[in-house]
Amino acid sequence: MTASPEPRLRFLIGGVQKAGTSALAHYLARHPQLCLPRQKELHLFDAPDFDDTAGAAALDARIAEAFPPAATDALHGDATPFSLLHPRVVARIARYNPRMRWIVLLRDPAERALSHYHMERARGGEHWPLWPALLLERWRLRGHRDDFARGSVLRRHSYLLRGDYAAQLDALYAHFPRAQVLLLQSAELRRDPAACVARACIFLGVAAPAAEAEYPPVFSGQYPPPSAATRLLLHWLLRGPRRALQARHGIAFPR
């Protein structure tokens, strides 16, 4: 009896949005033993038309043309930050490949929310000023928590929800052992990209890049720095998720 081939995707840079996933994907894509899509985000498992009855072979067929040519022993991966946000997506990934390796970048949730907001403003997808957008989020998301449509409220305006890392890690660890998850912080990636890339490569089982490799900035967004009052209020709004993250997963961000 012929064994079924392994699923094509072997690793994910699964989140979080606005935490450096684009930079890390760019750096890892240069490795000869790693292969990422030509366009960074496959959006395979969060596609609006995802078929929950589809097996790994059918899902692999959907992404067959998304990758550049690669060595026969290369590990194929994806970098779709939405992957970690919704428990249903995490469950889909577990069914597709229970041995999937996850690289998760975390960023201070207040900084992440602010960066997300300014990205949506720059795209023209957000018309409210910052504080109404944040305070109205709960009502805007009502009835849309399971809405995977392109451009949905869940995708665009989940500024605070995406900062609830404790709930997201709870869902991730419910399906995958911790040994298959590498947690990094975006501040580390900015400060010492070589060390973060080396950790990611070792985690994936490939050689770390040469010491002289360079790591230029990738997609660093520009927006006015927040006032001290804005920063303080953002931390206050996200105090619950921060406390839960430290209590349940031992992760804290400097204030």
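**Exercise 1. The second largest pocket**

Task: Find how much space lies in the second largest pocket, and which residues lie nearest its centre.

Solution.
Step 1. The second largest pocket holds about 320 Å³ of space. A pocket is an open set of points on a 1 Å grid over the protein atoms alone, with protein on both sides within 12 Å along at least five of seven lines. Grid points are joined across faces, edges and corners, and a volume is the space filled by probe spheres set on the points.
Step 2. This is a predicted model: local features need pLDDT of at least 70, side-chain atom pairs count only at pLDDT 80 or more, and totals for chains, interfaces and linings use all residues. Residues are numbered from 1 along each chain as its sequence is written, and side-chain values use heavy atoms, with hydrogens and water left out.
Step 3. The second largest pocket has 13 lining residues; Leu134, Glu137, Arg138, Leu160 and Leu237 lie nearest its centre. Lining residues have an atom within 4 Å of a point.
Step 4. α5 (130-135) and α6 (137-141) are the elements that give two or more residues to this lining. With four residues, α6 gives the most. Helices (H or I, at least four residues) and strands (E, at least two) are DSSP runs, numbered from the N terminus.
Step 5. Sort the lining by class: nine nonpolar, no polar and four charged residues. Ala, Val, Leu, Ile, Met, Phe, Trp, Tyr, Cys and Pro count as nonpolar, Asp, Glu, Lys and Arg as charged, and the others, Gly among them, as polar.

**Exercise 2. The largest pocket**

Task: State which helix supplies the largest share of the lining of the largest pocket.

Solution.
Step 1. The largest pocket has a volume of about 1200 Å³.
Step 2. Its lining has 39 residues, and Lys18, Ala19, Ser115, Met119 and Phe219 lie nearest the centre.
Step 3. At least two lining residues come from each of α1 (21-29), α4 (109-123), α7 (153-156) and α9 (186-191). The largest share is that of α4, with seven residues.
Step 4. By class, the lining divides into 14 nonpolar, 13 polar and 12 charged residues.

**Exercise 3. The sheet**

Task: Give the order of the strands in the open sheet, and explain why β2 and β5 each have one side without a neighbour.

Solution.
Step 1. The order of the five strands is β2-β3-β1-β4-β5, and the pairing is parallel. Two strands pair if DSSP finds at least two bridges between them.
Step 2. β2 (34-35) and β5 (181-185) stand at the edges with a single partner strand each, so one side of each has no neighbour in the sheet.
Step 3. Now take β3. Strand β1 (residues 9-15) pairs with β3 (residues 75-78) over three parallel bridges. Leucine 12 stands opposite aspartate 78, and leucine 9 has histidine 76 as its bridge partner.
Step 4. On β2, two bridges join the strand to β3, again in parallel. Leucine 34 stands opposite leucine 75.
Step 5. In a regular strand the side chains alternate between the two faces of the sheet. In β3, Leu75 and Gly77 are on one side, His76 and Asp78 on the other, and all are buried. Buried means under 20% relative accessible area (1.4 Å probe, protein chains only).

**Exercise 4. Helix α8 and a buried glutamine**

Task: Find what α8 packs against, and why glutamine 168 counts as buried.

Solution.
Step 1. The buried residues of α8 are Tyr165, Ala166, Gln168, Leu169, Ala171, Leu172 and Tyr173. They pack against α3 (87-96), β4, α4, β5 and α12. Contact means heavy atoms within 4.5 Å.
Step 2. Look at α12. The axes of α8 (residues 165-175) and α12 (residues 239-249) come within 7 Å and cross at roughly 35 degrees. Axes are lines fitted to C-alpha atoms, for helices over the stretch in contact, and angles run from 0 to 180 degrees between N-to-C directions.
Step 3. Glutamine 168 lies in α8. Its relative accessibility is 6%, so glutamine 168 counts as buried.
Step 4. Leaving out residues up to four places away in sequence, glutamine 168 touches Val16, Leu84, Leu85, Leu161, Arg162 and Gly163.
Step 5. Gln168 also helps line the largest cavity, along with Val16, Gln17, Pro81, Leu85, Arg112 and Arg162. In a cavity, a 1.4 Å probe fits but cannot get out. The volume of the largest cavity is about 40 Å³.

Key. Buried < 20%, exposed > 50% of the residue type's maximum accessible area, 1.4 Å probe, protein only.
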